[in-house]
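This report walks through selected helix packings and individual residues of one protein chain. Please keep the sequence and the structure at hand while reading.

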Amino acid sequence: MGAYRIAQRYAKSLLQLAQERKALETVYSEMVGICALTSASRELKLLLKSPIITADRKINVLSKIFDGKVSELTYRFLELLVKKGREAYIPEISAAFIEQYKALNKITTVKITSAVKLEPSIVQKIIVKLKAEAGLINVDVQEEVDESLIGGVIVQYGDKQADASVKRYLQQVEHSIIDESFIRRY
């Protein structure tokens with residue numbers, strides 16, 4: 001079974017269990033932290049994927065990292081993953097859980113890329129306009145700065161993208177000059 005299917009199944013199980021135990025918000029915030037930690041720590045990823053390190057040692061390490069810092073439900077879930085030999089998929093499972101949580105709560109992730117850090121009021125105007133025009137309900141904003149854009153913004157959500165950057169306009173001008181379609185031929 002592929003990593004995607006494994007991650008989706010375990011994430012769905014944890015999501016349903018968290019809903020039953022009325023701990024969905026807590027588990028969500030913990031999964032966000034676990035996802036960030038596993039993305040940032042190469043050593044932790046290598047430990048989880050290592051076939052040489054025994055399950056008992058992995059549980060011991062996870063205990064030192066997470067015991068007392070996450071809820072009992074999340075900690076027991078991590079233990080279960082190790083016992084089932086699925087610990088290598090913890091980064092994917094945590095990301096899948098976050099994705100499923102957002103789908104359940106109708107949260108759309110909107111990525112706004114700009115050449116400079118945008119003022120909060122400008123970001124808010126973009127979000128208000130998106131909510132009105134695209135019918136988005138809840139929005140999770142991720143801002144990114146990319147100086148190569150020169151100016152303007154790129155807004156992405158779902159499979160849609162609006163590119164209003166100076167870089168794109170300059171590329172269009174360059175293509176039209178190279179294309180020579182602006183020259184009249186008699």
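In this structure, which is a predicted model, the backbone oxygen of Val-116 lies 2.5 Å from a polar atom of the side chain of Ser-114. Ser-114 itself belongs to strand S1, which covers residues 107-114, and it counts as buried because its relative accessibility is 3%, where the cut-off for buried is under 20%. When residues up to four places away in sequence are not counted, Ser-114 touches Glu-144, Val-145, Asp-146, Leu-149, Gly-152 and Val-153.

A second polar contact of this kind involves a lysine. A polar atom of the side chain of Lys-58 lies 2.7 Å from the backbone oxygen of Ser-50. Lys-58 is part of helix H4, and with a relative accessibility of 3% Lys-58 also counts as buried. Apart from its neighbours within four places in sequence, Lys-58 is in contact with Leu-47, Leu-48, Lys-49, Ser-50, Ile-53, Val-82 and Glu-87. One of these partners, Ile-53, sits in the loop between H3 and H4; its relative accessible area of 27% makes Ile-53 partly exposed, and, with neighbours within four places in sequence left aside, Ile-53 is in contact with Leu-47 and Lys-58.

**Helix packing**

Lys-58 leads on to the packing of the helix that contains it. Helix H3 (residues 42-49) and helix H4 (residues 55-66) have axes 10 Å apart and pack at an angle of about 150°, which makes H3 roughly antiparallel to H4, since angles over 145 degrees are classed in that way. The crossing of H3 and H4 is left-handed. On the H3 side the residues that meet the partner helix are Leu-44, Leu-47, Leu-48 and Lys-49, and on the H4 side they are Lys-58, Val-61, Leu-62 and Ile-65. By class, the residues of this contact divide into six nonpolar, no polar and two charged.

Helix H5 takes part in two further packings. The axes of helix H1 (residues 3-20) and helix H5 (residues 72-83) come within 11 Å and cross at roughly 150°, and H1 and H5 are therefore roughly antiparallel to each other. Their crossing is right-handed. The contact is made by Tyr-10, Leu-14, Leu-17 and Ala-18 from H1 together with Leu-73, Phe-77 and Leu-81 from H5, and its residues divide into seven nonpolar, no polar and no charged.

Helix H2 (residues 24-40) packs against H5 at an angle of about 50°, with the two axes 9 Å apart, which makes H2 oblique to H5. The crossing of H2 and H5 is right-handed. In this packing Val-27, Glu-30, Met-31 and Ile-34 of H2 meet Leu-73, Thr-74, Phe-77 and Leu-78 of H5, and the residues involved divide into six nonpolar, one polar and one charged.

The geometry of these packings is set out below.

| Helix pair | Axis distance | Crossing angle |
|---|---|---|
| H1 and H5 | within 11 Å | roughly 150° |
| H3 and H4 | 10 Å | about 150° |
| H2 and H5 | 9 Å | about 50° |

**Loop residues with positive phi**

What remains is the backbone of two loop residues. Most residues other than glycine have a negative phi. Against that background, which value does phi of Lys-106 take? Phi of Lys-106 is near 55°, a positive value in a residue other than glycine. Lys-106 lies in the loop between helix H6 (90-104) and S1, and its relative accessible area of 51% means that Lys-106 is exposed, the cut-off being over 50%.

Ile-150 likewise has a positive phi, of about 70°, although it is not a glycine. The place of Ile-150 is in the loop that runs between strand S2 (138-145) and strand S3 (152-157). Is the side of the cut-off on which Ile-150 falls buried or exposed? With a relative accessible area of 54%, Ile-150 is exposed.

Terms used:
Residues numbered from 1 in each chain as written. Predicted model: local features only at pLDDT ≥ 70, side-chain atom pairs only at ≥ 80, totals over all residues. Heavy atoms only, no water. Axes fitted to C-alpha atoms, helices over the stretch in contact; angles between N-to-C directions. Helix = DSSP H or I, 4+ residues; strand = E, 2+ residues; numbered from the N terminus. Parallel < 35°, antiparallel > 145°, perpendicular 65-115°, else oblique. Left-handed = near helix turned anticlockwise from the far one by under 90°. Contact = heavy atoms within 4.5 Å. Nonpolar A, V, L, I, M, F, W, Y, C, P; charged D, E, K, R; others polar. Buried < 20%, exposed > 50% of the residue type's maximum accessible area, 1.4 Å probe, protein only. Polar contact = N/O pair within 3.5 Å; in protein donor to acceptor, adjacent residues only side chain to side chain.
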